Amino acid sequence: MAVQGEVAREQTVIIEAVETAPTAELDELARLLSPEGDGACLVAAPGVTARARRLTLSALESWGLGGLGEVAEQLVAELVANAVRHTGGRSFVLRVLRGSGRVRVELRDPSRALPCLIKGDADDDAGRGLRLVDLLADRWGVDLLSRGKSVWFELKVRTAAV
């Protein structure tokens with residue numbers, strides 16, 4: 001029954017967010033946070049990375065996990081940049097999920113081509129995105145879907161010592 005309690009807490013957070021944000025932003029945040037939801041649709045256009053970062057930070061703050069924001073924003077920016085640069089897709093789906101002791105951020109794209117972790121030099125102009133994800137995330141991976149894939153990372157929720 002712990003799952004029901006977790007879902008109830010997530011629904012409470014969504015309801016609280018609804019009371020403080022503009023309507024369109026609220027609908028998007030609810031889709032982003034809902035375990036059963038589709039996620040937030042991102043269109044490959046100027047500003048898409050900033051939008052993904054903003055949505056991710058809003059999700060974390062709604063759970064009181066703003067301390068993960070800087071790392072999560074950087075990592076989601078890398079996933080979005082890779083999806084835009086390498087998949088040829090025009091739209092992507094962002095989901096942010098909270099599990100027991102972790103936060104998972106997923107970016108779904110229409111390509112089934114797997115990303116490659118390139119071992120490059122720190123001075124290289126490109127190819128460092130997944131290396132950064134590998135270094136900063138507690139876990140990351142790729143799930144193949146019936147149409148495309150989901151590239152994800154997880155960050156542990158660390159409780160503050162009292």
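A nonpolar core is a set of buried Ala, Val, Leu, Ile, Met, Phe, Trp, Tyr and Cys residues that are joined through side-chain atoms within 4.5 Å. In the predicted model shown above, the largest such core has 29 residues. Leu42, Leu94, Val103, Leu107 and Phe153 are the residues with the most contacts inside this core. Two or more residues are given to it by each of β1 (40–43), α3 (48–62), α4, β2 (91–99), β3, α5 and β5. Helix α4 supplies the largest share, namely 6 residues. As a general background, nonpolar side chains in soluble globular proteins tend to be buried together.

The elements just named belong to a protein chain whose secondary structure comes to 5 helices and 5 strands. Read from the N terminus, their order is α-α-β-α-α-β-β-α-β-β. The chain has 162 residues, of which 39% are buried. Among contacts between residues at least 6 apart in sequence, 60% join residues at least 24 apart. The surface that the chain exposes comes to about 9,500 Å², and carbon and sulfur atoms supply 52% of that area.

Val103, one of the core residues with the most contacts, illustrates how separate parts of the sequence meet. Apart from neighbours within four places in sequence, Val103 is in contact with Leu60, Trp63, Leu65 and Leu68, with Val96 and Leu97, and with Phe153, Glu154, Leu155 and Val157. Phe153, another core residue with many partners listed above, leads in turn to Trp140. The C-alpha atoms of Trp140 and Phe153 are 4.0 Å apart, although 13 residues separate the two in sequence. Trp140 lies in strand β4. Because its relative accessibility is 23%, Trp140 counts as partly exposed. Beyond its neighbours within four places in sequence, Trp140 is in contact with Leu117, Leu130, Val133, Asp134, Trp152 and Phe153.

Two of these partners, Leu130 and Val133, introduce helix α5, where the buried residues are Gly129, Leu130 and Val133. These residues cover an arc of only 90° around the axis, and therefore they lie on the same side of α5. They pack against α4 (69–86), β4 (139–144) and β5 (149–156). Leu136 also lies in α5, but it counts as partly exposed because its relative accessibility is 39%. Together with Val71 and Leu135, Leu136 makes a nonpolar surface patch of about 250 Å².

Helix α4 also holds Ala81. This residue is partly exposed, because its relative accessible area is 21% and the cut-off for a buried residue is under 20%. The C-alpha atoms of Ala81 and Thr49 are separated by 7.1 Å, while the two residues are 32 apart along the chain.

The last site is Ser111, in the loop between β3 (102–109) and α5 (129–136). Ser111 has a relative accessible area of 15%, and it is therefore buried. Not counting residues up to four places away in sequence, Ser111 touches Thr87, Gly148 and Lys149.

How values were computed. Residues numbered from 1 in each chain as written. Predicted model: local features only at pLDDT ≥ 70, side-chain atom pairs only at ≥ 80, totals over all residues. Heavy atoms only, no water. Helix = DSSP H or I, 4+ residues; strand = E, 2+ residues; numbered from the N terminus. Buried < 20%, exposed > 50% of the residue type's maximum accessible area, 1.4 Å probe, protein only. Contact = heavy atoms within 4.5 Å. Arc of directions from axis to C-beta. Areas by Shrake-Rupley, 256 points an atom, 1.4 Å probe, with all protein chains shown as cover. Patch = residues over 30% accessible without salt bridge, like charges linked within 9 Å, V, L, I, M, F, W, Y side chains within 5 Å. Salt bridge = Lys/Arg side-chain N within 4 Å of Asp/Glu carboxyl O.
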